[in-house]
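Let's take a friendly walk through a protein chain together. Have a look at the sequence and the 3D view first, and then read on.

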Amino acid sequence: ILSARNNNSILSTGANSTTSAGQSLTVARVSNHKRIATQATFYVGAFLITWFFPTIFQLEMVTTQTYPFSLLFLTALFVPIQGLLNLIIFIRPSYIKYRRANPDQFFLGAWFRMLRQELGKR
């Protein structure tokens, strides 16, 4: 909370600054906020994709007292995939940096090389 308050006060002072350095600092912060908002949107999207079919399955069970196999199958397929989706979203910023540094690599090759590089850091 203290960090958020400090960032807000810095943003407000940066927004009122008339120097080009202050303006570029504010633009950088706005860009950072957009990246964070995009990342958060991906997490929410992954959650919604993952839990859409289980929710429909539960509603179907409660309202009709039936167990549709297709919805059960989709539930069993998507719920475990949530971890993979979260991994992909978590690694996405590192992947973007890696792709900028290595634009000539194939998509999947770059993904696995970057993932191996990220896992090697720990």
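Start with Ile 91, which is in contact with Trp 111, Met 114 and Leu 115 once neighbours within four places in sequence are left aside; contact means heavy atoms within 4.5 Å. The model is predicted, so local features need pLDDT of at least 70 and side-chain atom pairs count only at pLDDT 80 or more, while totals for chains, interfaces and linings use all residues. Residues are numbered from 1 along each chain as its sequence is written, and side-chain values use heavy atoms, with hydrogens and water left out.

Ile 91 also belongs to the largest nonpolar core, a group of 7 residues completed by Tyr 95, Tyr 98, Ala 110, Trp 111, Met 114 and Leu 115. Such a core is a set of buried Ala, Val, Leu, Ile, Met, Phe, Trp, Tyr and Cys residues joined through side-chain atoms within 4.5 Å. Buried means under 20% relative accessible area, exposed over 50%, and partly exposed in between (1.4 Å probe, protein chains only). Helix 3 and helix 4 are the elements that give two or more residues to this core, and helix 4 gives the most, with 4 residues. In soluble globular proteins, nonpolar side chains tend to be buried together.

How do these two helices meet? Here is what their pairing looks like.

| Item | Value |
|---|---|
| Helix 3 | residues 69–101 |
| Helix 4 | residues 107–120 |
| Axes of helix 3 and helix 4 | come within 10 Å, cross at roughly 105° |

That crossing makes helix 3 roughly perpendicular to helix 4, a label used for angles of 65 to 115 degrees. Axes are lines fitted to C-alpha atoms, for helices over the stretch in contact, and angles run from 0 to 180 degrees between N-to-C directions.

Now turn to Thr 75, which is also placed in helix 3. Thr 75 counts as buried because its relative accessibility is 15%. Not counting residues up to four places away in sequence, Thr 75 touches Phe 53, Pro 54, Phe 57 and Pro 80.

Phe 53 has a ring partner too: ring pairs link Phe 52, Phe 53 and Phe 78 into a cluster. Rings of Phe, Tyr and Trp (its six-membered ring) pair if their centres lie within 6.5 Å.

Finally, step back to the whole chain, with its 4 helices and 0 strands. Helices are DSSP runs (H or I, at least four residues), as are strands (E, at least two), numbered from the N terminus. Of the 122 residues, 20% count as buried.

Definitions and conventions
Parallel < 35°, antiparallel > 145°, perpendicular 65-115°, else oblique. Phe/Tyr/Trp six-rings, centres within 6.5 Å; stacked < 30°, edge-to-face > 60°.
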